[in-house]
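Look at the chain below with its helices displayed as axes and its aromatic side chains switched on. The text after it explains how a few of these elements are placed against one another.

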Amino acid sequence: MAAGKTAAKPASLWDNTRTRFIVCFLGVFVCYFYYGILQETITRGDYVQGDKKEKFRFAWTLVFIQCIINAVFAKILIHFFEGSKPDHTKNWLYGMCALSYLGAMVSSNSALQYVNYPTQVLGKSCKPIPVMILGVTILRKKYPFAKYLCVLLIVSGVALFLYKPNQAVTEDHVFGFGEILLLLSLTLDGLTGVAQDHMRARFQTGANHMMLNFNLWSILILGLAVLWTGEVWDFLSFTERHPSIFYNILLFGLASALGQTFIFMTVVYFGPLTCSIITTTRKFFTILGSVILFGNVMTTMQWVGTIMVFLGLGLDVKFGKNSKKTTH
């Protein structure tokens, strides 16, 4: 080797894009699978004290606690892995993300008062579409044709797989307030993606800083909400009667924190569109796994949906490169 020249530093396994994607996908899948189990345990379980049986009715307080644990977890990650690395992202962007995310969640949950659960699930399975549309119209992002095709295949496949004709809306049902709420939820999901794309393109925002500030804003908004409604005091009274719930809430918060870490890693490394595709297909794979493990028979429509999802994912891996960078 010539004098003065040094050998190039070998690339680590983490520098490989495919390795990062697999880690992010598995991290989101495993963490949120356990998260879903804990969420159902907490919210659908029966809490008995003497002859009195009651249900958990404190959804906002649960999310509030979840955000606190998420923020603490992100702060620990920043302290040990990023040190004094500055974050130049504007606070209003974090605030916009928190508001749009929470607004999407409220709209989606509120829609269940007007439409049935299958309709809500089918509506939310379209999440990658507004993320892509608003990214193109607002940020002038340019995606390869294969990306549009893969999103269409995945969304259509998930919709076919989840659709249950016997649980569909009645024939006399018309487009109403429930559908408007679902459209609002999807639009807010798209705006969240736009804000996150702007952060990573303009400020190179790190995953842990994004997670920390996102949750700090959510804590502020939800804290005001639970105090205004008085729900937090009812929650504290509930925990006095059923102190064993703290263990499940702690596990729930930790599963959320780990899962959200992988979510924001995906957003930073691959963009919010890829993140929305992962979170959409996660639900599909969870249900598919349940069908296979418990030997349930799949319908022809579900087989068609499964083929479309895997075809879309295959196209995305092979041809769906990252969108071209845009100026902001």
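The paragraphs below take up model confidence, then two helix crossings, an aromatic pair and one further residue.

The structure is a predicted model. Its mean pLDDT over the chain is 83, with 84% of the residues at 70 or more. Two stretches should be read with this in mind. Over residues 168–174 the pLDDT stays under 50, and the model has seven contacts beyond four places in sequence for them. Residues 323–328 also stay under 50, and here the model has eleven contacts beyond four places in sequence.

Helix α10, residues 245–270, is a convenient place to start, together with helix α1, residues 17–44. The axes of these two helices come within 8 Å and cross at roughly 155°. Since an angle over 145 degrees counts as roughly antiparallel, α1 is roughly antiparallel to α10. The crossing of α1 and α10 is left-handed. Sorted by class, the residues in the contact of α1 with α10 are 21 nonpolar, nine polar and one charged.

An aromatic pair belongs to the same two helices: Phe 21 lies in helix α1 and Phe 270 in helix α10, so the pair ties together parts that are 249 residues apart in sequence. A pair of aromatic rings is described by the distance of the centres and the angle of the planes. For Phe 21 and Phe 270 the centres are 5.7 Å apart and the planes stand at 90°, so the pair is edge-to-face. A search of the whole structure finds 15 aromatic pairs.

Helix α10 also meets helix α8, residues 207–229, where the two axes come within 8 Å and cross at roughly 120°. The two helices are therefore oblique to each other, and the crossing of α8 and α10 is right-handed. On the α8 side the contact is made by Ala 207, Asn 208, Met 210, Met 211, Phe 214 and Asn 215. The α10 side contributes Ala 257, Gln 260, Thr 261, Phe 264, Met 265, Val 267 and Val 268. By class, the contact of α8 with α10 has nine nonpolar, four polar and no charged residues.

The last point concerns Ile 65, which lies in helix α2, residues 59–82. Which residues does Ile 65 contact, leaving aside its neighbours within four places in sequence? They are Phe 235 and Ile 249. The C-alpha atoms of Ile 65 and Phe 252 are separated by 9.7 Å, although these residues are 187 residues apart along the chain.

How values were computed: Residues numbered from 1 in each chain as written. Predicted model: local features only at pLDDT ≥ 70, side-chain atom pairs only at ≥ 80, totals over all residues. Heavy atoms only, no water. Axes fitted to C-alpha atoms, helices over the stretch in contact; angles between N-to-C directions. Helix = DSSP H or I, 4+ residues; strand = E, 2+ residues; numbered from the N terminus. Parallel < 35°, antiparallel > 145°, perpendicular 65-115°, else oblique. Left-handed = near helix turned anticlockwise from the far one by under 90°. Nonpolar A, V, L, I, M, F, W, Y, C, P; charged D, E, K, R; others polar. pLDDT = per-residue confidence, 0-100. Contact = heavy atoms within 4.5 Å. Phe/Tyr/Trp six-rings, centres within 6.5 Å; stacked < 30°, edge-to-face > 60°.
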